[in-house]
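The exercises below ask you to read a single chain step by step, from its overall make-up down to individual side chains. Try each task on the structure before turning to its solution.

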Amino acid sequence: MMRYKGNNSYVYNGDLSSGDKFAPLAMWIKKLFGRFVVASLLTGLVFCNEITSCLNINTFIEGSINAKNPGSIIVSTFPSLIGFGIGVYALTLVLSESVVSNFQKIISGKNNTSGSVLMLSSDLAYPMLILVLTLSVGILQGVFIDSYKLCVVTWFMLWYSFIVIIEMLGVLFGLSNNSLLDKL
């Protein structure tokens with residue numbers, strides 16, 4: 001019986017073996033490392049003033065006025081983004097059989113060591129999970145507004161969420177192209 005391991009499936013590109021064995025570390029690094037680096041750099045930009053003025057320890061600990069409350073941005077916008085993501089995810093249920101089988105042929109034709117058409121599900125489910133986690137972190141940051149460390153984590157999650165939303169839009173673009181080509 002296959003067990004669900006959402007993040008493992010995401011890293012394994014939807015491969016059926018993701019329910020039975022853990023993806024190798026190299027696949028985790030390949031799939032997630034670049035995104036984490038970009039989110040970290042964007043977070044660093046938010047705190048640029050604090051980083052350059054770390055000689056003055058009080059300025060660094062207090063943070064800047066503009067960077068103190070990313071939780072309010074998240075709480076006000078992410079419910080809509082989560083709703084959008086649920087709608088996109090639901091669209092995969094109505095894909096025609098020919099689109100799904102053509103997609104599987106494309107994946108099988110590549111020299112991948114892993115992957116299946118189930119990557120559509122995992123490539124949409126993982127961003128949804130990140131959006132929900134980011135909303136949770138944003139709510140916590142709103143409660144513990146004076147926590148500088150939580151503020152940094154919240155900014156990181158905000159930027160990382162934008163990266164996975166862009167990935168989700170890429171999946172949606174690919175699906176719409178395949179669906180339109182199928183109608184020719």
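**Exercise 1. Determine what share of the chain is buried, and describe its secondary structure and surface.**

Solution. In this predicted model, buried residues make up 38% of the 184 residues in the chain. The next step is the secondary structure, which comes to 8 helices and 0 strands, so that, by the run-based assignment of helices and strands, the pattern along the sequence reads α-α-α-α-α-α-α-α. Turning to the surface, the accessible area of the chain is about 10900 Å², and carbon and sulfur atoms account for 70% of that area. Finally, among the contacts with a separation of 6 or more, 70% join residues that are 24 or more positions apart.

**Exercise 2. Locate serine 161, decide whether it is buried or exposed, and identify the partner of its side chain in a polar contact.**

Solution. Begin with the position: serine 161 belongs to helix 8, which covers residues 148–182. Its relative accessibility is 0%, and because the limit for a buried residue is under 20%, serine 161 counts as buried. Next, look for its surroundings: once neighbours within four places in sequence are set aside, serine 161 is in contact with Phe78, Ile130, Leu131 and Thr134. One of these, threonine 134, also takes part through its side chain in a polar contact with the side chain of serine 161, at 2.5 Å.

**Exercise 3. Classify the ring pairs formed by tryptophan 155 with tryptophan 159 and by phenylalanine 156 with tyrosine 160.**

Solution. A pair of aromatic rings is described by the distance of the centres and the angle of the planes. The count for the chain comes to 6 aromatic pairs. Among them, tryptophan 155 and tryptophan 159 have ring centres 6.2 Å apart and planes at 25°, and the pair is stacked, because planes under 30 degrees apart count as stacked. Both tryptophans lie in helix 8, 4 residues apart, which is about one turn of the helix. Tryptophan 155, at 8% relative accessibility, counts as buried, whereas tryptophan 159, at 22%, counts as partly exposed. For phenylalanine 156 and tyrosine 160, the ring centres are 6.1 Å apart and the planes stand at 5°, so this pair is stacked. Phenylalanine 156 and tyrosine 160 are likewise 4 residues apart in helix 8, and they are therefore separated by about one helical turn. Tyrosine 160 is buried, with a relative accessible area of 1%. As a last step, place the tryptophans in a wider group: Phe78, Trp155, Trp159 and Phe162 form one aromatic cluster, and Phe78 is also one of the residues in contact with serine 161.

**Exercise 4. Compare the settings of leucine 41 and alanine 125, giving the helix and the exposure of each.**

Solution. Leucine 41 is placed in helix 2, residues 25–46, and its relative accessible area of 58% makes it exposed. Together with Leu25, Ile29, Phe33 and Val37, leucine 41 makes a nonpolar surface patch of about 520 Å². Alanine 125, by contrast, is found in helix 7, residues 119–143, and is buried, with a relative accessible area of 18%. To complete the solution, follow alanine 125 across the fold: its C-alpha atom and that of methionine 168 are separated by 9.2 Å, although the two residues are 43 residues apart along the chain.

Conventions:
Residues are numbered from 1 along each chain as its sequence is written. This is a predicted model: local features need pLDDT of at least 70, side-chain atom pairs count only at pLDDT 80 or more; totals for chains, interfaces and linings use all residues. Side-chain values use heavy atoms; hydrogens and water are left out. Helices (H or I, at least four residues) and strands (E, at least two) are DSSP runs, numbered from the N terminus. Buried means under 20% relative accessible area, exposed over 50%, partly exposed in between (1.4 Å probe, protein chains only). A polar contact is a pair of N or O atoms within 3.5 Å; within protein, one must be able to donate a hydrogen and the other to accept it, and residues adjacent in sequence count only if both atoms are side-chain atoms. Contact means heavy atoms within 4.5 Å. Accessible areas come from the Shrake-Rupley method with a 1.4 Å probe; for residues, only the protein chains shown count as cover. Rings of Phe, Tyr and Trp (its six-membered ring) pair if their centres lie within 6.5 Å; planes under 30 degrees apart count as stacked, over 60 as edge-to-face and the rest as tilted. Patches are made of residues with over 30% relative accessible area and no salt bridge: like charges are joined within 9 Å, nonpolar side chains (Val, Leu, Ile, Met, Phe, Trp, Tyr) within 5 Å. A salt bridge is a side-chain nitrogen of Lys or Arg within 4 Å of a carboxyl oxygen of Asp or Glu.
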